[in-house]
Amino acid sequence: MKRIFGRILLLAVLMAALTVPGAGAAGSDGKMPILMYHDLTDDPDKTNSMTITGERFRLDMEFLQEFGYTPLLPADLIAIRDGSLAMPERPVMVTFDDGYRSNYDIAYPILLQTGMKAVISVIAHNMTSEKPADGVRNHLLWSEMREMVQSGTVEIGSHTYNLHNPKYGGNTAPDGINGVMRLGGESFSAYRARVGSDLMTSIDLITQYTGQERVNYFAYPFGAYDSWMQQLLEENGIAVSTLTNPGMATPMASLHKMPRYGIRMETPVAALLRQTDTATPSLANVSVNGTAAKLPAYNIRGNNYVRVRDVAVLLKDTASGFDVQWNAAEHRVELTSFSVYTPIGTENKTLPEGKRTVQSITEPTVVDGAANMVAAYYLDGYTYYKLRSLGDLCGFAVDWNNDTQTVEVIA
């Protein structure tokens, strides 16, 4: 059973228009999604355009893990461009802006749990070395950043030292001053003195306090680009930069000004990167406690996916039987482990001949009240899972016998 973080989040069904075209083949065409997060919370009532729940983030990372996405850090992108590292089939880069405390308290354990990685671009002015006496703080400690960097799970980037422009009203400034944009009438030398010194200060603090040898990454505040900043980034060895406009990045073309998808509560990654695949009908050889059986299956990307109710019937007289319910309102499967299943008469139907185009589910599977994002597909009113996924969810053992080409279930 998967370890569950945070409270249960009921996910809304998103329209297919949210799906990124070609996202299922990311990497094969040189494209890569970059995901943008800011703050996380354990309180569903405190979400907003910049804050999502830890539960939402966990489900997002589980989706990436289940569908074989390879997380890349800015240092990895540089190595890929240099030819010392190959581009994976399904690359992704997870980013956080600002450097909130929740990046350590909530996101970091989830990254470790799922094998994902992230780059956190910090506003260095807001980072602190010591915990305040009252224990109340919104941002990361340098010691927390050092720990995450040393784990290899996190890279720290710059979001400037202090150029979110409180002096000018930030992104609400009436004169349009945003982030690193130049001031009206400002010369390049004056810009270099003002913005360049800010950048160097952020770099110095990051390398000094985190143990990171260099700063590879810069996230433009408010996504506001200025061509003068590009020269300063290059002069300071920053080879990777991102904006906030949505779209697929093409890192082999350029590592600068890359677009990112902002992730909000209503835009889960499962919908944004929904997988579209070809499914070929087949029969899966299964052995349950030594008794052979066959299950109708669709072969997708070399794996057999079987209908969840067919498996429930197969295990209903074992110690690991489970119940299946369909929540029509939430459009999701809900399972109860170690429970009696009552067949509904549609199990083990023969699959139609011919290949089919299928899409991955966008909703989590709820098991014993807890949401889990697993690799599964929905087709013709049925949800198809890998047997191993169902075993992980419902507590029965699954193994593969290569000699007999059989999935062996101990239930």
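Does D98 count as buried or exposed, and at what relative accessibility? Please keep this question in mind during the tour, which is made through a predicted model.

**First stop: strand β1**

Select residues 34–37, which form strand β1. Display the side chains and view the strand from either face: I34 and M36 lie on one side, while L35 and Y37 lie on the other. All four of these residues are buried, and both faces of the strand are thus covered.

Next, add residues 91–98, the strand β5. β1 and β5 run parallel and are joined by 4 bridges. To locate one point of this pairing, select I34 together with M93, its bridge partner in β5.

Then add residues 261–262, which make up strand β10. Here too the strands run parallel, with 2 bridges joining β10 to β1. Select L35 and Y261 to see a pair of bridge partners between these two strands.

**Second stop: D98**

Return to β5 and select D98, which is found in this strand. The opening question can now be answered: D98 counts as buried, because its relative accessibility is 8% and the cut-off for buried is under 20%. The backbone of D98 also deserves attention, since its phi is near 95 degrees, a positive value in a residue other than glycine. Most residues other than glycine have a negative phi.

**Third stop: an open sheet of 4 strands**

Now select strands β14, β15, β17 and β18, which form an open sheet in that order, with mixed pairing. β14 (322–327) and β18 (370–372) stand at the edges; each has a single partner strand, so one side of each is left without a neighbour in the sheet. On average, neighbouring strands of this sheet are turned by 25 degrees against each other, direction ignored.

Within the sheet, select residues 365–367, strand β17, together with β18. These two strands pair in the antiparallel sense over 3 bridges. V366 stands opposite A371 of β18.

Add helix α9, residues 387–394, which packs on the sheet. The helix touches β14, β15 (332–337), β17 and β18, and its direction makes about 55 degrees with that of β15.

**Last stop: Q405**

Finally, select Q405 in the loop between β21 (397–401) and β22 (406–410). Is its phi positive or negative? The value is positive, near 55 degrees, in a residue other than glycine. With a relative accessibility of 41%, Q405 counts as partly exposed, whereas D98 counts as buried.

Note on methods
Residues numbered from 1 in each chain as written. Predicted model: local features only at pLDDT ≥ 70, side-chain atom pairs only at ≥ 80, totals over all residues. Heavy atoms only, no water. Buried < 20%, exposed > 50% of the residue type's maximum accessible area, 1.4 Å probe, protein only. Pairing = 2+ DSSP bridges. Axes fitted to C-alpha atoms, helices over the stretch in contact; angles between N-to-C directions. Contact = heavy atoms within 4.5 Å.
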